[in-house]
Amino acid sequence: MVERKHVAIIGGGITGLSAAFRLQKMMEETKETFNVTIIESSDRFGGKIETIRREGFTIERGPDSFLKRKKEALELVEELGLSDQLVSNNMGKAYILKNRKLHSIPESSFMGVPSLLKPLLDSTLLSEDGKARALNDLFIPPYPPFDDMSVGDFFAGRLGQEMVDDIINPLLSGIYAGDLYKLSLRATLPQFIGLENRAGSLILGAKQALPKKKTSQFATLKKGLSSLVDRLVETIRFPMLKNTCVTKIEKMNGRYKMSFKNGEALVVDGVIFTIPHEKTQELMSDCPYLKQLSAEPCTSVGTVAMAFDASQVTIQKEGTGFVASNKEPSTITAATYTHLKWPHTTPSGKVLLRCYVGKAGDEEILDETDETIILKSLNNLKDVVDIDGQPEFSVVTRLRESMPQYVVGHTQLLKKIEETLRHDYPRVYLAGASYDGVGLPDCIRQGNDAAKQLFNQLKL
Ligand code: FAD
C-alpha cells in the first residue's frame with residue numbers, strides 16, 4: 001500500500017490555522033487526501049491573537065480588529081459561519097498627541113497625507129514652516145523611477161520632515177512600530193510608488209485615493225478575535241499538537257525530518273512555516289537570504305488595558321483615541337477609548353482604555369514591572385483624559401519581538417528566498433507576518449496561498 005503523503009504546518013497562529021483550514025477544504029472538494037499535522041510550541045493556538053473575558057469586559061491582548069477592505073478575513077469569518085458575530089467599529093475623531101495636547105488629524109487625509117489644503121493650513125500640528133514645506137509637494141518634480149526607498153525618506157522628500165514626524169509616523173507606527181527611515185516603501189505602502197508622478201503630487205494623489213464615502217473600516221467579532229481561533233480549532237480535523245516546539249529540520253531522502261524539543265520526530269513530505277522569520281532561519285540556517293531577512297530585529301511592543309467605572313473617567317475631546325507624535329516623550333505610543341470605539345467590549349457604566357507601549361528604539365519599557373507600566377501609562381493618559389483614582393483592574397501584555405520590520409529591499413529579498421526554496425527545498429513554503437503583510441487579512445491570504453501551492457505540489 002502506498003503511504004499517504006504527510007505535511008506539517010509549523011505554528012498555530014492565524015496563518016498556520018488558515019493554511020490548515022484551506023488544506024482541509026481543498027481535500028473536501030477533491031478526492032485527494034494527505035496527512036496534515038499542525039505543530040504549536042505554546043500551550044494554546046492563536047499566536048498573537050488572545051482575547052480574555054473578565055468582569056463583563058472583552059479585552060484583546062494583541063490585535064483587536066481587522067481591515068474590512070482586504071477581503072480574506074471577512075471571507076474566512078463567513079466560511080466558518082461566524083458572520084452573525086461581526087461588529088464594525090464606531091467611527092469618531094482620532095487625534096495626535098503632541099506637546100501633551102491632543103490635535104486633530106487634518107480631515108480628509110489618506111495615511112496622513114492631506115488631500116485638502118484648508119485642513120492642512122488650519123492644523124495645529126504643524127508650524128507655519130512645516131505647512132509651507134508640505135505644500136511644496138504641489139510644485140516639486142516627481143521622483144525619478146526607483147526600486148525601493150524608505151517610507152520616511154519618501155514622505156520627507158515630498159512633504160518635509162515635520163509632516164513625517166508629527167503626522168505620518170504616528171499614524172503608521174501603530175501598524176509597524178518601526179523606524180520609518182528603515183521601513184521599505186515597496187513592502188509596506190506600494191500604492192504610493194509613482195503616485196506623485198501619476199497624480200501630479202502626493203496631495204493630489206491622496207485626493208484620488210480617498211474613499212468617496214466615509215464608512216467604518218474595521219471589524220471584529222462580538223466575543224473577541226479568539227472566537228475566530230476557537231472556531232478554526234473546532235473545525236480543523238487534523239492532529240494539532242500543542243507544547244511541541246520544532247527545533248531542527250533535516251533533509252532526508254527527498255523528505256524532511258523535523259525534530260521536537262521533547263525528543264520526538266516526524267518525517268514529512270512538505271512543510272509550511274508560519275513562525276517568525278528569525279525562528280525559521282534558525283531551523284533552515286543554510287538559506288542565506290533568510291539570514292539577511294533576520295538582520296533587522298522585530299520590535300517589541302506591549303498593550304495595557306485598564307478598566308474603570310464610568311464615574312472615574314471624563315474624555316476631554318470626543319473621539320475614539322489618539323496616537324503620539326514621534327517626538328513626544330510619552331511612554332504610550334497610542335491609546336484607544338475602547339468602550340467608545342467598540343461598545344460591545346464594555347459593560348454599561350464602565351470604561352475601557354487600552355494603550356500601546358514600545359516602539360523601535362524605545363522598547364525598555366517592557367522590562368519594567370506591570371505596576372510601573374500601568375503607572376506611566378496612566379500618567380500619560382491623565383494629560384488628556386480626566387481620570388480619578390486607579391483602574392478597577394488592568395491587563396498588561398508584553399509581545400516581545402512581535403512586529404517584523406520590512407526594511408528597504410524586503411520584497412527583493414523575498415523573491416530570492418522564494419527562488420532558493422523552490423530550488424533547494426521543494427514543497428517548503430513560508431507564510432505569515434514576517435513576509436508579505438502583517439495585518440490579519442494578509443496573514444490569512446498567505447496561509448491560503450501556501451496551502452494551495454503545497455496542495456498542488458503534493459498532487460504531482
Ligand atoms: P503568530 O501569531 O506569531 O503565530 C506563530 C505561532 O508559531 C505562535 O503561536 C508561536 O507560539 C508558534 N511557534 C513559534 N516558534 C515555534 C516553533 N519552533 N515550533 C512550533 N511553533 C512555534 N493585525 C491586524 O490586522 N489588526 C490589529 O488590530 C493588529 N494589532 C496588533 C497588535 C499587536 C500588539 C501586535 C503584536 C500585532 C497586531 N497585528 C494586528 C498584527 C497581527 O496580529 C499579526 O501579524 C498576526 O497575528 C501574526 O499571525 P501569524 O500566525 O503569522 O504569527
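Hi everyone, this is a short walk through the cores, one sheet and some salt bridges of this structure. Please keep in mind that the model is predicted.

Let's begin on the inside. The largest nonpolar core has 40 residues, and within it Ile14 and Leu23 touch the most other members. Which elements feed this core with two or more residues each? They are strand S1 (6–10), helix H1 (14–29), strand S2 (35–39), helix H2 (72–79), strand S11 (218–221), helix H10 (226–235) and helix H16 (440–459). So if you have the structure open, you can pick out pieces from residue 6 in S1 up to residue 459 in H16.

Leu23 is a nice place to put your cursor. If we set aside its neighbours within four places in sequence, Leu23 is in contact with Val7, Ile9, Val36, Phe238, Ala451 and Phe455. There is also a second, separate core, made of 32 residues, and Leu135, Phe154, Phe155 and Ile203 are among them.

Back to helix H10 for a moment. Its buried residues are Ser226, Ser227, Leu228, Val229 and Leu232. What do they pack against? The answer is H1, strand S3 (51–54), H2 and S11.

Now for the sheet I wanted to show you. Three strands make an open sheet, ordered S13-S14-S15, with antiparallel pairing. Strand S13 (246–252) and strand S15 (265–268) are at the edges with a single partner strand each, so one side of each has no neighbour in the sheet. On average, and ignoring direction, neighbouring strands here are turned by 20° against each other. Look at S14, residues 255–260: four bridges join this strand to S15, and the two run antiparallel. Within that pairing, Lys257 stands opposite Val267 in S15.

That brings me to charges. Side chains of opposite charge can pair when their charged atoms come close. How many salt bridges does the structure hold? There are 24, and I'll pick out three.

The first one on my list is Arg22 with Glu79, whose side chains meet at 2.7 Å, N to O. This pair links distant parts of the chain, since Arg22 sits in helix H1 and Glu79 in helix H2, 57 residues apart. Are the two partners buried or exposed? Arg22 is buried, because its relative accessible area of 11% is under the 20% cut-off. Glu79, at 34% relative accessibility, counts as partly exposed.

Next comes Asp442 with Lys70, where the closest N and O atoms are 3.0 Å apart. Asp442 belongs to helix H16, while Lys70 is in the loop between strand S5 (66–67) and H2, so this pair ties together parts that are 372 residues apart in sequence. Here Asp442 counts as buried, at 8% relative accessibility, whereas Lys70 is partly exposed, at 29%.

My last pair takes us back to strand S13 (246–252). The side chains of Lys248 and Glu250 meet in a salt bridge at 3.9 Å, N to O. Lys248 is partly exposed, with a relative accessible area of 43%, and Glu250 is partly exposed too, with 31%.

One more thing on charges: salt bridges that share partners join Lys70, Asp436, Asp442 and Arg445 into one network. You have already met Lys70 and Asp442 as a pair.

If you look at one residue from each part, I'd suggest Leu23 for the largest core, Lys257 for the pairing with S15 and Asp442 for the charges. Thanks for listening!

Note on methods: Residues are numbered from 1 along each chain as its sequence is written. This is a predicted model: local features need pLDDT of at least 70, side-chain atom pairs count only at pLDDT 80 or more; totals for chains, interfaces and linings use all residues. Side-chain values use heavy atoms; hydrogens and water are left out. A nonpolar core is a set of buried Ala, Val, Leu, Ile, Met, Phe, Trp, Tyr and Cys residues joined through side-chain atoms within 4.5 Å. Buried means under 20% relative accessible area, exposed over 50%, partly exposed in between (1.4 Å probe, protein chains only). Contact means heavy atoms within 4.5 Å. Two strands pair if DSSP finds at least two bridges between them. Axes are lines fitted to C-alpha atoms, for helices over the stretch in contact, and angles run from 0 to 180 degrees between N-to-C directions. A salt bridge is a side-chain nitrogen of Lys or Arg within 4 Å of a carboxyl oxygen of Asp or Glu.
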